[in-house]
Every structure is written in C-alpha cells, then in structure tokens.
Amino acid sequence: MSAEDLPKKEANVLKGHEGAVLVARFNGDGNYCLTGGKDRTIRLWNPHRGIHIKTYKSHGREVRDVHVTTDNSKICSCGGDRQVFYWDVSTGRVIRKFRGHDSEVNAVKFNEYASVVVSAGYDRSLRAWDCRSHSTEPIQIIDTFLDSVMSVCLTKTEIIAGSVDGSVRTFDIRMGRELSDDLGQPVNCISLSNDGNCVLASCLDSTLRLLDRTTGELLQEYKGHTCKSFKMDCCLTYTDAHIVGGSEDGHLFFWDLVDASVVSSFRAHSSVVRLSFLSYNSVCNTREGSAALGDAKKGPNLILRVTSVSYHPKESCMITASVDGSVRVWKA
C-alpha cells in the first residue's frame, strides 16, 4: 500500500453521542462499528452508509472500551462504573455484569472463542471472566502491575497488556509464565500487528514503539505527534505497511512501518471547545492515582484530540472518534 492509498478522505460523520466519544471499534468483518462515550451509551452503526442501528444503555458512567465477538452476537464493554458488561447484540439486553475491579475499567477483550472476557483496570489488575458461567466472580486475577493497566490484547495462548508503570507484559496462559518488557515510559495503548508478530505501544513521551512479540526487541520508534497526557489509540493498517496514531492536537498520523517516516498527517477533528474545569477533567480520561496520566494541563481550552482509531480489517478504511462527540469514517 502506498501513501496515496491511505484513507484520508472523509466519507461519513456519525453523530448521535452527547459529549466525548472515547472508543470506536470495527467489528470482525468491518461491516459495522461500535462506539461508546461520556453519555454512558454504546451505539451500533453501519459506518459505510452512515446509519445508526441500535443504542445500548445500562452503564452508569462513561464507556471506555467495547469489543464484539466474531459472530457478532455478543458485546463486552467497560468504563467508569467499575463493571464489565456482557450484552446480547440483537436484544440489547445485559446478560451479565461482572463486578470485581476496585476502580474504573479501561479496556476489555474477548478471547478467540468468546468464552472469556479479559478486562484491564485502574486498580493495577487484569481480570478474566467466564462468559459461560453464571458466576460473576473472576476466574483469574493478574495483579503484578505497579500502576494502572490501560490496554489489553489477546492471542490464542497469551494475554498482553500495557501499563502506566512503563511495561508491556505478556502472560503465557498455558505455561503460566510472565514476561515483562520495560519501555521506561507510561504505556497508554497497545495493539497487535495483523500478522501477530509485533506489538505496537503508545507511550506518553509522544513516541510509538514497535516490539517483537517473541523477543521483546525494540524494532522501531515513531515520532512527530503529541501524546503526553491522554489515552489515545494506535494501530496498524490492514496490510501492516503503516502505523496509525492520533495526536493531542487533533491530527492523525501515518508512519511508514519500516523507516518510521511520517508519510501523512492531517487534522481529523478540528477547532477548539471551551469547557469548565470539571468537564475538562472528566474528558481527560485520567485519574489522580496515575501520576503520569494526571499531568494533563489544566485550562479552559481543549483541542479536539483523536481519542480512538480503528482500522478496517480488509480495506483502506478507518474510523476516528473525538471529544467533539463525532465519529468520522475515512476512505481512500
């Protein structure tokens, strides 16, 4: 894929959320997407036609992450209400609420078989929940982190998580072994390459780092954007040829995977909004317990940063979310 083939043309704008949108995720085949945000709702869309399909309401606080099963029948979600929600897509009913985290939950992922949900929390822990059981207790707790766990990815045999303590930790479920790669900077998002060989980590020193998943070797660093105070998504294009990441100034960046050059950047969500001090803090998606994330500049002006990025699994297409309340669909 050349730089000219990257999705830089706005195809649709999805509007409906009231307040900041904190997460946007394509489903497995890329035909639909799910979004969640400050208005405590999850919304299902056909992003290609710009159509809102369904709204899911039950969260008591903001929605920070959402994931859908490969057969599109179930959703898991999490947020500020310290619970993990397990939903039926067609009926919109909450099947189960998993309780156990002592603070806000930042990220959730289904395993390959949609039998287990793994959640990452501000309480410095990962928790695994059995979707087939009627129990609401976690089947496993991993609490070796020294600070908030911000992001989690799953493979067939591993749980990989990024933390504000500066580590990317890999837990081999079969071997019962933990490997930790210390990046020396708070990690606010991780993503797997599509070939499964690499882990991309977004750090709060405005650097994305690409690691070899097997050895932990640092393969490349990507710079040019601003990421110092907020959680923002990063990912790879479906061909793994380019890195994609948001910036606190509202820009979206594309880097060449191999030589780390910025091949494109443009403002995805523009203008500035004025917020009260309380609203500003609520949008920051930070917590006092995480010193690095709590260094957000206090002030009345907030650039419409890109909070979430999700790339289509098969096409040159992506969706971005922002504190402006919109989700934008981009195509080549």
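**Notebook: fold, core and surface patch**

I began with the secondary structure and counted one helix and 30 strands in the protein. The model is a predicted one, and I noted its confidence next. The mean pLDDT of the protein is 90, and 90% of the residues reach at least 70. I marked residues 272-301 separately, as the pLDDT there is below 50. In the model this stretch nevertheless has 60 contacts beyond near neighbours in sequence.

I then looked up the overall packing. Of the 332 residues in the protein, 56% are buried. Among contacts with a separation of 6 or more, 46% join residues 24 or more positions apart. I recorded an exposed area of about 13400 Å² for the protein, with 45% of it supplied by carbon and sulfur atoms.

Next I examined the largest nonpolar core, which has 14 residues. Val118, Leu126, Phe145, Val152 and Ile159 have the most contacts inside it. I traced the core to its strands: β11 (116-121), β12 (126-130), β14 (149-154) and β15 (158-163) each supply at least two of its residues.

I followed Val152 further, setting aside its neighbours within four places in sequence. Its contacts include Val118, Leu126 and Ile159, and also Ala107, Val108, Lys109 and Ile190.

Finally I turned to the surface. I found a nonpolar patch formed by Tyr32, Ile51 and Ile53, which together have about 240 Å² of accessible area. I located Tyr32 in the loop between β2 (21-26) and β3 (33-37). Is Tyr32 buried, partly exposed or exposed? I entered Tyr32 as partly exposed, because its relative accessibility is 36%, which falls between the limits of 20% and 50%.

Notes:
Residues are numbered from 1 along each chain as its sequence is written. This is a predicted model: local features need pLDDT of at least 70, side-chain atom pairs count only at pLDDT 80 or more; totals for chains, interfaces and linings use all residues. Side-chain values use heavy atoms; hydrogens and water are left out. pLDDT is the predictor's confidence in each residue, from 0 to 100. Contact means heavy atoms within 4.5 Å. A nonpolar core is a set of buried Ala, Val, Leu, Ile, Met, Phe, Trp, Tyr and Cys residues joined through side-chain atoms within 4.5 Å. Buried means under 20% relative accessible area, exposed over 50%, partly exposed in between (1.4 Å probe, protein chains only). Helices (H or I, at least four residues) and strands (E, at least two) are DSSP runs, numbered from the N terminus. Patches are made of residues with over 30% relative accessible area and no salt bridge: like charges are joined within 9 Å, nonpolar side chains (Val, Leu, Ile, Met, Phe, Trp, Tyr) within 5 Å. Accessible areas come from the Shrake-Rupley method with a 1.4 Å probe; for residues, only the protein chains shown count as cover. A salt bridge is a side-chain nitrogen of Lys or Arg within 4 Å of a carboxyl oxygen of Asp or Glu.
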